[in-house]
Amino acid sequence: MENIQNLPKHQQQQLEQHLVNSQVKDSLSMYMNLVERCFDTCVYNFRTKSLDKYESKCLENCSTRYIKTANRVGLRFQEHQALQMKRAQEMSLGAGSSSAAAAFGK
C-alpha cells in the first residue's frame, strides 16, 4: 500500500474508487447469499402474507449465524494474510542476508 502514494493523483482516485466499488459489490453479494440461504431454509408457507412465528425466529437465527460466520471467516483470512506477509518478509530478509554473506565470501 505504500506504493499508492507514488501513483499520480488521478490514478490514486481511480484505485480508491475501484476498491470502494469492490467493497460494495462484496457486501451486496454477501447480503444476497444471506437472503437466499435463509429464505430457502426457513420459509415454507406461502398461504399468508406474513411470516409465522417459527419462520421469523428461524430467519433471525439464520441471519445471525450467517453474519457471525462471515465475520469469523473474514478475521481468519486477515490473520492468514498477515502470517503470509510475515513469512514473505522473513524469507526476503533471510535471502538478502545469505546473498550478502555469499558476496563477502562467508
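1. Two residues are in contact when heavy atoms of one lie within 4.5 Å of heavy atoms of the other. In this predicted model, Tyr66 is in contact with Met30, Asn33, Leu34 and Arg37, leaving aside its neighbours within four places in sequence.

2. Tyr66 also belongs to the largest nonpolar core of the structure. This core has 6 residues, and the other members are Leu34, Cys38, Cys42, Cys58 and Cys62. Helix 1 (9-42) and helix 2 (53-103) are the elements that give two or more residues to the core. As background, nonpolar side chains in soluble globular proteins tend to be buried together.

3. How many disulfides are there? The count comes to 2. A disulfide is a covalent bond between the sulfur atoms of two cysteines. When the bonded cysteines of the chain are numbered in sequence order, the pairing is 1-4, 2-3.

4. One disulfide joins Cys38 to Cys62, with an S to S distance of 2.1 Å. This pair links distant parts of the chain: Cys38 lies in helix 1 and Cys62 in helix 2, 24 residues apart. The torsion about the S-S bond of Cys38 and Cys62 is about -85 degrees, and the disulfide is therefore left-handed.

5. Are Cys38 and Cys62 buried or exposed? The cut-off required here is that a buried residue has under 20% relative accessible area. Cys38 counts as buried because its relative accessibility is 3%. Cys62 likewise counts as buried, because its relative accessibility is 7%.

6. The other disulfide is formed by Cys42 and Cys58, whose sulfur atoms are 2.0 Å apart. Here too the pair links distant parts of the chain, with Cys42 in helix 1 and Cys58 in helix 2, 16 residues apart. Because the torsion about the S-S bond of Cys42 and Cys58 is about -65 degrees, this disulfide is left-handed. Both Cys42 and Cys58 are buried.

7. Which residues make the nonpolar surface patch? Tyr31, Met32, Val35, Phe39 and Phe46 form this patch, and its area is about 540 Å². One of these residues, Met32, is found in helix 1. Helix 1 is also one of the elements that give two or more residues to the nonpolar core.

8. In summary, the bonded cysteines Cys38, Cys42, Cys58 and Cys62 are part of the largest nonpolar core, together with Leu34 and Tyr66. Among the contacts of Tyr66 is Leu34.

Notes
Residues numbered from 1 in each chain as written. Predicted model: local features only at pLDDT ≥ 70, side-chain atom pairs only at ≥ 80, totals over all residues. Heavy atoms only, no water. Core = buried A, V, L, I, M, F, W, Y, C linked by side-chain atoms within 4.5 Å. Buried < 20%, exposed > 50% of the residue type's maximum accessible area, 1.4 Å probe, protein only. Helix = DSSP H or I, 4+ residues; strand = E, 2+ residues; numbered from the N terminus. Patch = residues over 30% accessible without salt bridge, like charges linked within 9 Å, V, L, I, M, F, W, Y side chains within 5 Å. Areas by Shrake-Rupley, 256 points an atom, 1.4 Å probe, with all protein chains shown as cover. Salt bridge = Lys/Arg side-chain N within 4 Å of Asp/Glu carboxyl O. Disulfide = S-S within 2.5 Å.
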